[in-house]
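Here are a few exercises to work through with the model open beside you. Try each task before reading its solution.

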Amino acid sequence: MLSSVWTPSRDRIARANLTRFGKGRSYAEIYDWSITRPLEFWDAMWDFGGVIGTKGSRIAVDMDRMPGARFFPDASLNFAENVLRSDVTDPAIIFKSEDGSRRTMTWTELRSESAAFAAALRSAGIQPGDRVAAYVTNVPETIVAVLGAASVGAVWSSCSPDFGVQGVLDRFGQIEPRVLIAADTYVYGGKTFDQRPKIAEVLKRLPTVERSVIGTDGWEAFIGPHRGAAPSYAQLPFNQPLYILYSSGTTGVPKCIVHGAGGTLLQHLKEHQLLCDIQPGDRVFYFTTLGWMMWNWLVTVLASRATILLYDGAPFHPDGNTLFTFADETKMTLFGTSAKFIDAVSKAGLRPRETHALESVQTMTSTGSPLAPERFDFVYEHVKRDVHLASISGG
């Protein structure tokens, strides 16, 4: 058995974001600071993350109330403006589908397309606080849409296309969306699925939807007339709703969980830059669908001037090497996955360390459920020895 405790090199420690942020403090000291003097900590995180916006003079009020505490009560910002600020030359998005199709989107293209989507929403009468619902695949257009919605101040909520009609209605039926974006087909496990009957049923039972954007043709009809629009970012309160996510639904209808723009941005900047050491030019991947909160987490990676890597399809089609091949092809630096995937790779008898280079991968994160100790040993023995394997949360 190998030791499952990874130690970074001196060089990696020296260039780490956490080292620069801590200014000589140890990890334990930074941790203690974050929980004993949270106002100072989050003030410093705003500055370190380079947040674009007006901070205001107050960092938090009513800190003794739960619920009731409010951070940055005088601040205003726009989530999309912060996410789209990169000046690096690397691509913004690198995408691959299970069927082998690939696309790359530059930062200029992403800003331009997001501005066009935002203009289309405004033309449709969408205002801050209105809900935009998405029943879609993990493709670049979805990143365009969420950032276009955030530019306006609309609230985004999504489901993946494998959800059944009732599963979608249990979620979107509570939030009264005015716009629905949907993929008319999707590919998974070597099969193509026609979504149109499900979409028709969803629309029939969602009377608040005023505009639907269905498939490639619907996308072009919606966004096409607005291409060339200049970016425009609504400056909104720190706690302006950004996302509606949902509980698992194990005790009844899934419960809506609203996430504010400023809190989401600042918390993700902290997780990405301090805990995952994501830096400009890195290439960050999470295997996820739009039904899992890790997709929302991945979107904000752009705010750290890193490239996001999107894969749409089954992780074991045609076999369990698919994502490791994607890592080599894209020079992936952070490989995000689930404990279940690592377990499946181990049980399949795969040995990625023998079949793939994985030279660029510096960090491997696991979430969704606790990662068993023997799976830590499997990664270090059969995937990569010099990698920061982090179980970042449990289910």
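## Exercise 1: backbone outliers

Glu 176 sits in the loop between helix 8 (165–172) and strand 9 (179–182); helices (H or I, at least four residues) and strands (E, at least two) are DSSP runs, numbered from the N terminus. This is a predicted model, where local features need pLDDT of at least 70, side-chain atom pairs count only at pLDDT 80 or more, and totals for chains, interfaces and linings use all residues. Residues are numbered from 1 along each chain as its sequence is written, and side-chain values use heavy atoms, with hydrogens and water left out.

**Task.** Find what the phi of Glu 176 is, and locate the cis peptide bonds that end at Pro 67 and Pro 318.

**Solution.**
- Step 1: recall that most residues other than glycine have a negative phi, and most peptide bonds are trans.
- Step 2: Glu 176 is not a glycine, yet has a positive phi of about 50°.
- Step 3: Met 66 and Pro 67 are joined by a cis peptide bond with omega about 0°; Pro 67 belongs to the loop between strand 2 (60–61) and strand 3 (70–71).
- Step 4: from His 317 to Pro 318 the peptide bond is cis too, omega being near 0°, and Pro 318 is in the loop between strand 17 (307–312) and helix 13 (322–330).

## Exercise 2: a sheet of three strands

**Task.** Work out which strands are the edges of the open sheet with the order 1-4-13.

**Solution.**
- Step 1: two strands pair if DSSP finds at least two bridges between them.
- Step 2: the three strands of this open sheet pair in the antiparallel sense.
- Step 3: strand 1 (53–54) and strand 13 (236–237) each pair on one side only, which makes them the edge strands.
- Step 4: to check one pairing, strand 4 (residues 76–77) meets strand 13 antiparallel over two bridges, and Ser 76 has Pro 237 as its bridge partner.

## Exercise 3: the largest pocket and a patch

**Task.** Describe the largest pocket by volume and lining, then find the nonpolar patch that includes Tyr 31.

**Solution.**
- Step 1: set the terms. On a 1 Å grid over the protein atoms alone, a cavity is a set of points where a 1.4 Å probe fits but cannot get out; a pocket is an open set with protein on both sides within 12 Å along at least five of seven lines, and lining residues have an atom within 4 Å of a point. Grid points are joined across faces, edges and corners, and a volume is the space filled by probe spheres set on the points.
- Step 2: the largest pocket holds about 710 Å³.
- Step 3: its lining has 26 residues, with Leu 18, Tyr 27, Leu 274, Leu 275 and His 388 nearest the centre.
- Step 4: elements giving two or more residues to this lining include helix 3 (27–36) and helix 11 (261–275).
- Step 5: Tyr 27, Tyr 31, Ile 35 and Leu 275 make a nonpolar surface patch with about 460 Å² of accessible area together. Patches use residues with over 30% relative accessible area and no salt bridge, joining like charges within 9 Å and nonpolar side chains (Val, Leu, Ile, Met, Phe, Trp, Tyr) within 5 Å. Areas come from the Shrake-Rupley method with a 1.4 Å probe, and for residues only the protein chains shown count as cover; a salt bridge is a side-chain nitrogen of Lys or Arg within 4 Å of a carboxyl oxygen of Asp or Glu.
- Step 6: helix 3 supplies the largest share of the patch, three residues.
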